[in-house]
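Hi,

Here is the model I promised to pass on. Have a look at it first, and my notes follow underneath.

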Amino acid sequence: MKARATAKIDADYSAERTLVQAAQRDRSRFADLYEANFERVYAYVVRRVRDRDEAQDVTADVFHLALKSLPRFEWRGVPFAAWLFRIAANEIADRSKSVARRRAHELENSSQATYAGDETVSSIDEAERRARLFKLVERLPRDQSRVITMRFAEDKSIREIATALGRSEGSVKQLQFRAMQNLRVRLGDTNG
């Protein structure tokens with residue numbers, strides 16, 4: 001029974017390797033790899049992104065990047081899907097960083113617009129407070145800073161952060177709690 005299962009796995013890998021090699025020679029054959037792997041890649045992405053439209057976009061980008069990089073793909077005896085999952089993980093991480101940078105840039109621009117316009121003193125004070133807070137988050141210990149950024153700049157849930165960081169939800173909550181304490185102390189120091 002065990003030998004039969006091993007033979008089936010070997011046959012599956014052999015068939016998949018043949019598909020990969022065919023697609024490397026003729027890009028039109030990539031459609032077979034797409035069909036064979038689309039559902040599992042989409043499932044992987046949607047569990048991490050939690051937004052259907054974004055999951056569809058990320059999945060499309062994963063296959064676009066895979067097709068583009070296929071000539072450099074080297075068979076290493078693991079399923080082709082593992083390579084696709086690595087591309088997906090990188091794409092999700094890149095998008096998260098991009099969202100955080102865009103929000104920081106928007107915050108910076110809104111601060112500058114506040115100074116340039118004829119706004120009230122309280123609006124200027126609020127922009128200054130936000131800028132100070134953003135700088136303080138960057139100065140937190142790395143794990144605390146990542147949790148705060150993912151939680152509040154990227155709107156991730158505790159569970160999503162725990163999965164992304166490979167930690168328990170309790171650990172993420174503790175990091176968030178410590179980060180918030182550090183920020184309160186540091187804000188108190190800068191305000192007084």
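Let's start with one helix pair: H6 and H7 are oblique to each other. Their axes cross at roughly 135° and come within 10 Å; H6 covers residues 142-153 and H7 covers residues 158-165. The handedness of this crossing is right-handed. On the H6 side the contact is made by Arg-146, Val-147, Met-150 and Arg-151, and these meet Ile-158, Ile-161, Ala-164 and Leu-165 of H7. Sorted by class, that contact holds six nonpolar residues, two charged ones and no polar ones. Before you load anything, bear in mind that this is a predicted model.

While we're on H7, its buried residues are Ile-158, Glu-160, Ile-161, Ala-162 and Leu-165. Ile-158, Ile-161 and Leu-165 from that list also turn up in the contact with H6. In an α-helix there are 3.6 residues to a turn, so residues three or four places apart point the same way. Just past the end of H7 comes Gly-166, with a positive phi of about 70°.

Glu-160 is the charged residue I'd look at in H7. Is Glu-160 buried or exposed? Its relative accessibility is 14%, and because the cut-off for buried is under 20%, Glu-160 counts as buried. What does it touch, once residues up to four places away in sequence are set aside? The answer is Arg-48, Val-49, Arg-50 and Asp-155. Of these, Val-49 belongs to H2 and is also part of the contact between H2 and H3.

That brings me to the other helix pair. H2 spans residues 30-49 and H3 spans residues 52-69; their axes come within 9 Å, with a crossing angle of roughly 140°. That angle makes H2 oblique to H3. H2 goes past H3 in a right-handed crossing. From H2, the residues in contact are Phe-30, Tyr-34, Asn-37, Phe-38, Val-41, Tyr-42, Val-45, Val-46 and Val-49. Facing them in H3 are Arg-52, Glu-54, Ala-55, Gln-56, Val-58, Thr-59, Val-62, Phe-63, Ala-66 and Leu-67. The split by class is 14 nonpolar, three polar and two charged.

Next, Arg-103, which sits in helix H4 (residues 80-116). How far apart are the C-alpha atoms of Arg-103 and Glu-154? They are separated by 8.6 Å, while the two residues lie 51 residues apart along the chain. Leaving out residues up to four places away in sequence, Arg-103 touches Phe-152, Ala-153, Glu-154 and Asp-155. Asp-155 is also touched by Glu-160, so you'll meet that residue twice if you click through both neighbourhoods. As for accessibility, Arg-103 is partly exposed, with a relative accessible area of 32%.

Finally, the overall numbers. The chain has eight helices and zero strands, so the order of elements from the N terminus reads α-α-α-α-α-α-α-α. There are 192 residues, and buried ones make up 30% of them. Among contacts with a separation of 6 or more, 60% come from residues 24 or more positions apart. The accessible surface of the chain is about 12600 Å², and carbon and sulfur atoms account for 50% of that.

Shout if anything is unclear.

Cheers

How values were computed: Residues are numbered from 1 along each chain as its sequence is written. This is a predicted model: local features need pLDDT of at least 70, side-chain atom pairs count only at pLDDT 80 or more; totals for chains, interfaces and linings use all residues. Side-chain values use heavy atoms; hydrogens and water are left out. Axes are lines fitted to C-alpha atoms, for helices over the stretch in contact, and angles run from 0 to 180 degrees between N-to-C directions. Helices (H or I, at least four residues) and strands (E, at least two) are DSSP runs, numbered from the N terminus. Angles under 35 degrees count as roughly parallel, over 145 as roughly antiparallel, 65 to 115 as roughly perpendicular and the rest as oblique. A crossing is left-handed if the near helix is turned anticlockwise from the far one by less than a right angle, and right-handed if clockwise. Contact means heavy atoms within 4.5 Å. Ala, Val, Leu, Ile, Met, Phe, Trp, Tyr, Cys and Pro count as nonpolar, Asp, Glu, Lys and Arg as charged, and the others, Gly among them, as polar. Buried means under 20% relative accessible area, exposed over 50%, partly exposed in between (1.4 Å probe, protein chains only). Accessible areas come from the Shrake-Rupley method with a 1.4 Å probe; for residues, only the protein chains shown count as cover.
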